[in-house]
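Student: I'd like a close look at one part of this model rather than a tour of everything. Could you pick one helix, go through how it is packed, and then place it in the rest of the chain?

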Amino acid sequence: MAALLLGAVLLVAQPQIVPSRPSELGQQELLRKAGTLQDDVRDGAAPNGSAQQLPQTIIIGVRKGGTRALLEMLSLHPDVAAAENEVHFFDWEEHYSHGLGWYLSQMPFSWPHQLTVEKTPAYFTSPKVPERVYSMNPSIRLLLILRDPSERVLSDYTQVFYNHMQKRKPYPSIEEFLVRDGRLNLDYKALNRSLYHVHMQNWLRFFPLRHIHIVDGDRLIRDPFPEIQKVERFLKLSPQINASNFYFNKTKGFYCLRDSGRDRCLHESKGRAHPQVDPKLLNKLHEYFHEPNKKFFELVGRTFDWH
């Protein structure tokens with residue numbers, strides 16, 4: 001069954017030093033790579049002393065892996081300032097052509113002690129992105145949340161299906177995408193997005209594995225607190241997120257967030273039921289990903305509880 005998850009409010013709060021983020025001089029050096037910044041960005045400090053910073057952490061993917069849930073959970077931390085929208089700076093040529101000054105202008109205002117985080121799930125599967133991110137900051141810390149590849153394919157289809165339904169447009173069944181001439185349709189893009197070892201190899205050409213933390217998206221659904229603790233440690237954040245920040249919503253059937261007395265879940269578009277798939281076709285899907293999954297496990301030196 002699909003990923004089901006949670007939402008929360010972004011917070012800013014008590015100053016604490018987080019050693020993993022670049023120095024102010026390092027930020028300025030990154031900005032110089034963009035050339036001259038627009039005046040409203042260069043002089044963009046707010047009256048209260050906050051300012052926009054390039055992200056020191058990026059959630060790079062994967063699409064339908066639980067990136068929104070991860071960002072909302074991470075935003076519970078007072079030392080995290082998160083961009084609200086997917087920026088698509090490194091993967092969309094129109095945005096990338098604007099330079100780092102434009103990218104900076106998309107970031108939230110934050111305090112010097114805070115870690116700025118951006119998430120765009122398409123980064124993980126976009127061939128040009130790793131080199132571009134490395135060019136901006138080779139020491140950046142990357143977060144990658146992954147789920148069972150077969151489940152991710154079904155979630156991928158479900159999202160597009162409901163998008164068409166809302167626009168009252170017809171959309172083919174998932175079988176029509178998955179099967180061609182009696183075999184799996186290897187040209188279906190959703191299948192390619194779940195070939196994690198292919199995309200991971202591209203990232204490891206530029207970043208050492210120690211700079212990429214893989215979040216187990218399936219465990220995040222079942223028991224979010226231990227997974228978010230690992231993220232805090234990876235980002236060298238003080239332990240501020242507690243088990244009490246999570247509660248199981250019996251009506252929705254998944255965990256939601258509790259923060260400062262307010263309870264919130266993710267948007268209703270998250271956690272939708274997957275389409276019914278013929279068991280034989282589902283087995284074909286599991287068999288198809290068996291070897292790619294083994295390659296991914298070897299690549300990252302750990303295993304996951306996938307079919």
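Tutor: Let's take helix α12 and work outwards from there. Keep in mind that this is a predicted model.

Helix α12 covers residues 224-234, and its buried residues are P224, F225, E227, I228, V231, E232 and F234. Two glutamates, E227 and E232, are on that buried list along with the others. There's a simple pattern to look for here: an α-helix has 3.6 residues a turn, so residues three or four places apart point the same way. Have a look at P224, I228 and V231 with that in mind, since these are the residues of α12 that meet α3.

What lies over the buried residues? The cover includes helices α3 (67-74) and α11 (217-222). Strands take part as well, with β6 (141-146), β9 (212-216), β10 (246-249) and β11 (254-259) included in the cover.

Now zoom in on α3. Its side of the contact is made by L70, M73 and L74, which meet P224, I228 and V231 of α12. Sorted by class, that contact comprises six nonpolar residues, with no polar and no charged ones. As for geometry, two packed helices are described by the angle between their axes and the distance between the axes. For α3 and α12, the axes come within 11 Å and cross at roughly 70°. That crossing falls between 65 and 115 degrees, so α3 and α12 count as roughly perpendicular to each other.

Going back one step from α3, you reach the loop between β2 (57-61) and α3, where V62 sits. The peptide bond joining G61 and V62 is cis, with omega at about 5°. Past the other helix, K236 comes just after α12 and takes a positive phi of about 60°. Both are worth a glance, as most residues other than glycine have a negative phi, and most peptide bonds are trans.

For a second helix pair to set beside this one, try α7 (residues 149-166) and α13 (residues 279-300). Their axes come within 9 Å and cross at roughly 125°, and α7 and α13 are therefore oblique to each other. In this contact, P149, S150, V153 and L154 of α7 meet L282, L285, H286, F289 and N293 of α13. The classes here are six nonpolar, three polar and no charged residues. Follow the chain on from α7 and you come to R168, in the loop between α7 and α8 (174-178). R168 has a positive phi, near 60°, and is exposed, with a relative accessible area of 81%.

One more thing to check is the disulfide. C256 and C265 form it, with sulfur atoms 1.7 Å apart, and the count for the model comes to one. The link of C256 and C265 is right-handed, with 100° about the S-S bond. Its two ends can be compared by exposure: C256 is buried at 0% relative accessibility, whereas C265 is partly exposed at 22%.

To place all this in the whole, the chain has 13 helices and twelve strands. Buried residues make up 53% of its 307 residues. Taking contacts between residues at least 6 apart in sequence, 79% join residues at least 24 apart. The accessible surface of the chain is about 15300 Å², and carbon and sulfur atoms account for 50% of that.

Methods:
Residues numbered from 1 in each chain as written. Predicted model: local features only at pLDDT ≥ 70, side-chain atom pairs only at ≥ 80, totals over all residues. Heavy atoms only, no water. Disulfide = S-S within 2.5 Å. Buried < 20%, exposed > 50% of the residue type's maximum accessible area, 1.4 Å probe, protein only. Helix = DSSP H or I, 4+ residues; strand = E, 2+ residues; numbered from the N terminus. Contact = heavy atoms within 4.5 Å. Areas by Shrake-Rupley, 256 points an atom, 1.4 Å probe, with all protein chains shown as cover. Axes fitted to C-alpha atoms, helices over the stretch in contact; angles between N-to-C directions. Parallel < 35°, antiparallel > 145°, perpendicular 65-115°, else oblique. Nonpolar A, V, L, I, M, F, W, Y, C, P; charged D, E, K, R; others polar.
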